[in-house]
Amino acid sequence: MSEQLNTNNQTTESKRTIRSFVLRQGRLTKGQQQALTHLWPIYGIEYNATSPIVFEENKPVVFEIGFGMGASLIEMAKNAPTKNFLGIEVHKPGVGACLMAIEENQLSNLKVMCHDAVEVLENMIPDNSLDKVQIFFPDPWHKARHNKRRIIQPNFVALIHRKLKTDGILHLATDWQHYAEHMLEVLSQAEGFKNLSATNDYIPRPEDRPITKFEKRGQNLGHGVWDLQFKKNSDIKEPLCKMRQLI
């Protein structure tokens with residue numbers, strides 16, 4: 001694992017022309033910069049297309065895409081020490097903030113990456129290896145001409161299906177109703193998934209998903225939040241191969 005955080009290959013290694021994110025790095029605080037320098041070698045995983053990831057301990061693996069500043073991911077990792085968490089975020093200030101929180105809470109069950117989640121899934125996550133994938137409040141790309149940038153698309157859902165274990169869970173949450181409807185449509189049409197909603201649409205917020213400050217602020221303003229959970233129900237055998245890189 002490299003000791004230097006490198007995101008220069010975010011736009012050069014892939015032939016994809018449509019991405020679900022735009023790199024708006026913002027200004028790093030002194031603490032965030034120090035965390036990226038000193039804590040990344042401990043808690044960070046450098047992207048390497050030829051070196052798939054495997055968790056050292058035999059624990060359930062939760063994979064979060066787009067953890068923002070990391071507050072809810074940190075809380076989930078603290079509350080579930082018997083699970084391993086891997087979080088992905090492309091914005092360095094958020095990665096730095098999350099690294100600081102990992103160190104502060106001395107979490108041994110959480111690692112982070114700073115790279116395009118699609119490339120990580122395609123090249124570093126073995127098939128049938130994840131117990132849960134969670135994507136909370138992704139960019140809704142609300143303008144019609146930008147809808148194609150939404151991360152929840154049929155091809156991406158099919159990729160997640162490949163990476164989940166049988167009975168693995170895909171958990172989505174959004175505060176944008178039109179995006180919630182889009183998510184529900186895409187997942188309802190996806191092969192190999194079962195909606196866990198009793199009404200075949202949305203579920204109440206599960207207790208294990210913390211409420212963020214942003215979410216509380218929206219609720220105080222009367223904004224809604226929609227959670228979706230779908231279970232992989234295909235009978236796919238687990239891989240037998242051993243991977244090289246350990247977390």
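Here are a few short exercises on this predicted model, each with a worked solution.

**Exercise 1.** Work out how helix 1 and helix 4 are oriented to each other, and which residues make the contact.

*Solution.* Start with the stretches: helix 1 covers residues 30-38, and helix 4 covers residues 92-105. Next, take the axes, which come within 8 Å and cross at roughly 75°. Angles of 65 to 115 degrees count as roughly perpendicular, so helix 1 and helix 4 are roughly perpendicular to each other. Now list who touches whom: helix 1 brings G31, Q32, A35 and L36, while helix 4 brings K92, P93, V95, G96, A97, L99 and M100. Finally, sort that contact by class, and you get seven nonpolar, three polar and one charged residues.

**Exercise 2.** Decide whether M183 is buried or exposed, then describe its surroundings.

*Solution.* First, place the residue: M183 sits in helix 7, which spans residues 177-189. Then check its relative accessible area, which is 0%. Buried means under 20%, so M183 is buried. For the neighbours, skip residues up to four places away in sequence; M183 then touches P138, I152, L172, A173, T174 and L228. As a last step, try a C-alpha to C-alpha distance: M183 and D201 are 10.0 Å apart in space and 18 residues apart in sequence.

**Exercise 3.** Find how many aromatic pairs the structure holds, and say what sits over the ring of F136.

*Solution.* Begin with the ring-ring search, which turns up zero aromatic pairs. Then turn to charges over rings: the charged end of R209 sits over the ring of F136, 5.6 Å from its centre. The distance cut-off here is within 6 Å of the ring centre.

Conventions. Residues numbered from 1 in each chain as written. Predicted model: local features only at pLDDT ≥ 70, side-chain atom pairs only at ≥ 80, totals over all residues. Heavy atoms only, no water. Phe/Tyr/Trp six-rings, centres within 6.5 Å; stacked < 30°, edge-to-face > 60°. Lys NZ or Arg CZ within 6 Å of the ring centre and 35° of its normal. Axes fitted to C-alpha atoms, helices over the stretch in contact; angles between N-to-C directions. Helix = DSSP H or I, 4+ residues; strand = E, 2+ residues; numbered from the N terminus. Parallel < 35°, antiparallel > 145°, perpendicular 65-115°, else oblique. Contact = heavy atoms within 4.5 Å. Nonpolar A, V, L, I, M, F, W, Y, C, P; charged D, E, K, R; others polar. Buried < 20%, exposed > 50% of the residue type's maximum accessible area, 1.4 Å probe, protein only.
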